Amino acid sequence: MKIVSLQSVGLGAAYTRGDGEQIITPYGIYVGTTFLNSAGNSLNVTVTEINYQQGDFGAYGFEIYTVHTSDGHIRVLPADKYIAEWGE
């Protein structure tokens, strides 16, 4: 099984509706779709893979998600701020 998407917990993208009211929605990252910035604008790169990593740094453990994109970059996200959806 592999990770097919991530959804933010407690974080989100802020949007302004037509009447001026600002709303905050969860931020989603999906394999095979365009990567968006926090304002919802396309970065013109596609998410190719999402991985979960757990490690040990001295006495402190850490958990992260690495988001690989078509431009060759890897974005590192804290695992405690996102919920992963696993699939085939």
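Okay, let's start with a pairing: strand E1, residues 2–8, runs antiparallel to E9, and the two are joined over 6 bridges. One spot to find on your screens is Lys2, which sits opposite Gly87 in E9. Keep in mind that this is a predicted model.

Now let's zoom out to the sheet. Which order do the strands take? It's E4-E1-E9, an open sheet of 3 strands with antiparallel pairing. Strand E4, residues 28–30, and strand E9, residues 82–87, are at the edges with a single partner strand each, so each has one side without a neighbour in the sheet. From one strand to the next, the twist averages 20°.

As general background, in soluble globular proteins nonpolar side chains tend to be buried together. So let's talk about the core. The largest nonpolar core here has 13 residues, and the ones touching the most other members are Leu6, Ile29 and Val67. Which strands supply at least two residues each? Those are E1, strand E6 at 42–57 and strand E7 at 60–69. E6 gives the largest share of this core, with 3 residues.

Let's stay with Ile29 for a moment. What does Ile29 touch, leaving out residues up to four places away in sequence? The list is Val4, Ser5, Leu6, Phe35, Val47, Ile50, Val67, Leu77 and Tyr82.

Phe35 is on that list, and it brings me to the rings. Where does Arg75 lie? Over the face of Phe35, 4.7 Å from the ring centre. And for rings paired with rings, with centres within 6.5 Å, the count is 1 aromatic pair.

That's my tour, thanks.

Note on methods:
Residues are numbered from 1 along each chain as its sequence is written. This is a predicted model: local features need pLDDT of at least 70, side-chain atom pairs count only at pLDDT 80 or more; totals for chains, interfaces and linings use all residues. Side-chain values use heavy atoms; hydrogens and water are left out. Rings of Phe, Tyr and Trp (its six-membered ring) pair if their centres lie within 6.5 Å; planes under 30 degrees apart count as stacked, over 60 as edge-to-face and the rest as tilted. A charge sits over a ring if NZ of Lys or CZ of Arg is within 6 Å of the ring centre and within 35 degrees of the ring normal. Two strands pair if DSSP finds at least two bridges between them. Helices (H or I, at least four residues) and strands (E, at least two) are DSSP runs, numbered from the N terminus. Axes are lines fitted to C-alpha atoms, for helices over the stretch in contact, and angles run from 0 to 180 degrees between N-to-C directions. A nonpolar core is a set of buried Ala, Val, Leu, Ile, Met, Phe, Trp, Tyr and Cys residues joined through side-chain atoms within 4.5 Å. Buried means under 20% relative accessible area, exposed over 50%, partly exposed in between (1.4 Å probe, protein chains only). Contact means heavy atoms within 4.5 Å.
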